[in-house]
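Here are a few short exercises to work through with the model open beside you. Try each task before reading its solution.

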Amino acid sequence: MRRLIFPICLVLGACAPGTSGDVPSRAAMPDLGAMPMIKVFPTPHPPAAARANSDIARDFMDLSMQLESGRDLPVFTRFEGPITVAVTGAPPPTLQPDLARLLRRLRSEAGINITQTSGPANITIEAVSRADIRAALPQAACFVVPNISKLSEYRSAKRGRATAWSALSTRRRAAIFVPNDSSPQEVRDCLHEELAQALGPLNDLYRLPDSVFNDDNVHTVLTGFDMLILRASYAPELRSGMTRRQVADRIPSILARLNPAGQRIAPHPLSATPRAWIRAIQTALGPSAGSAQRRAAAEKALSIAQTIGWTDHRRAFSHYAIGRIVQNTDPSYAHSHFVAADAYYRQSPATSLHRAHTAVQLAAYAISQGRGDTALGILAPHISTAERHENAALLAQVLMIRAEALELTGHASEARQVRMDSLGWARYGYGADWAVRAKLREISALNPLKG
């Protein structure tokens, strides 16, 4: 399993309609002085899973008994007994506190007996360069592999059965490879997704609106749903080596015990995601296709979604993908797709984070048109959303755009304060000071008063 690199990603790409990544030198750049300290989020309080247990049972089976390719796994696997985690390589300074925080959540929310050790461990997290990761697995930002402990072992073992999840009857050892030269948020996101998959589900499902187990990369830290899935994975009623039927027979009663509220929610099962839509989205957002191919693939994904009759987050994501691909060449057309995406996302509270990402695009367009009041109205509900979901990059971007909107509406003093407030979050979300300043310049270039 791996966290993929998408060049047309949800936050870190250019947000300026009709602009390129090369920022004009005439765009005003605020005098910021020294950068503030990195900001971190307080104790997390993720909302509980808010779906019917019968739907979650189906999700559990598809997540735990299939690979991303759709191939069925012969048996259920997990770690049996206490689990230890060790860090090797050259970890960046933020890795250890983020890992400690994650392990506390896994113990308290998922009930997993997991601790960090300095010696040999069940799960080894090796911090290496992005170049080393991509040399081992192109297009991956980070990944997890069973039965090895370091990247050098993976290079020689990756074509053998030892590193095949489908060959396991139980889990004893795994290695997670994370970048040590990415932003703190990217490293944290890798820790959440890859450690969760080392422990539990090996599949990703685009139909999930509330999970990191979804290749759309909207959720970046483990959600209440994810913790429920992990808690169920380590329920005493289950054990490694069980067949699909044995797991399916036990999971309804497990969920009834762990999530009694889910027994009172009416089922609302979403249809399966066809491989044709998945392939189209992967081409649209992948690094290997040209712009024309990406646009054609995104249009195909939307056509499939329309033909199926989807009105859920997958329909919205199809519109969003088109908007991101064409925003630099056809901003008006892109804006129409962001509006459509927002209309579908707003139908469910489970997609509030998705809406926040779309709001960034809609507000950026409004700024470029000189409509500061409109941008402020668009952004207002989403500051708390970014905070609740611990997305520092998204929060920084919302605040930076809000600062431009305040300047447009004649509130220069408040704009300066909001912009300064964004910087601590930006240092966590974007990493290096040059990256923070580049994002500020990009967003400043949206403002027609600075042209």
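## Exercise 1: a residue in a helix

A316 has a relative accessible area of 0%, so A316 is buried. This is a predicted model, and every value below is computed from it.

**Task.** Find out which residues A316 touches, leaving out those up to four places away in sequence.

**Solution.**
- Step 1: locate the residue. A316 is found in helix α10.
- Step 2: list the contacts. A316 touches A341, Y344 and Y345.
- Step 3: compare sequence with space for one of them. A316 and Y344 are 28 residues apart in sequence, yet their C-alpha atoms are 5.4 Å apart.

## Exercise 2: the helix around it

**Task.** Check the span of helix α10 (residues 313–326) against the expected value, then decide how many of its residues are buried.

**Solution.**
- Step 1: work out the expectation. The rule is 1.5 Å times one less than the number of residues, and for the 14 residues of α10 it gives 20 Å.
- Step 2: compare. The end C-alpha atoms of α10 are 20 Å apart, which agrees.
- Step 3: count burial. In α10, 14 of the 14 residues are buried, so the helix is largely enclosed by the rest of the structure.

## Exercise 3: a disulfide

**Task.** Identify the cysteines that form a disulfide and work out its handedness.

**Solution.**
- Step 1: apply the cut-off. Two cysteine sulfur atoms must lie within 2.5 Å; those of C142 and C190 are 2.1 Å apart. The count comes to one disulfide.
- Step 2: read the torsion. About the S-S bond of C142 and C190 it is about -85 degrees, so the disulfide is left-handed.
- Step 3: place the partners. C142 sits in strand β5 and C190 in helix α5, 48 residues apart, so distant parts of the chain are linked.
- Step 4: check accessibility. C142 is buried, at 0% relative accessible area, and C190 also counts as buried, at 0%.
- Step 5: look along the strand. Seven of the seven residues of β5 (residues 140–146) are buried. Four bridges join β5 to the antiparallel strand β6 (residues 174–179), and V144 stands opposite I176 in β6.

## Exercise 4: the nonpolar core

**Task.** Find which helix gives the largest share of the largest nonpolar core.

**Solution.**
- Step 1: size the core. It has 59 residues, and those with the most contacts inside it include F60, L195 and L230.
- Step 2: assign the share. Helix α5 (residues 184–199) supplies seven residues, the largest share.
- Step 3: zoom in. Beyond its neighbours within four places in sequence, L195 is in contact with residues including L99, I123, I176 and C190.

Note on methods. Residues are numbered from 1 along each chain as its sequence is written. This is a predicted model: local features need pLDDT of at least 70, side-chain atom pairs count only at pLDDT 80 or more; totals for chains, interfaces and linings use all residues. Side-chain values use heavy atoms; hydrogens and water are left out. A nonpolar core is a set of buried Ala, Val, Leu, Ile, Met, Phe, Trp, Tyr and Cys residues joined through side-chain atoms within 4.5 Å. Buried means under 20% relative accessible area, exposed over 50%, partly exposed in between (1.4 Å probe, protein chains only). Helices (H or I, at least four residues) and strands (E, at least two) are DSSP runs, numbered from the N terminus. Contact means heavy atoms within 4.5 Å. Two strands pair if DSSP finds at least two bridges between them.
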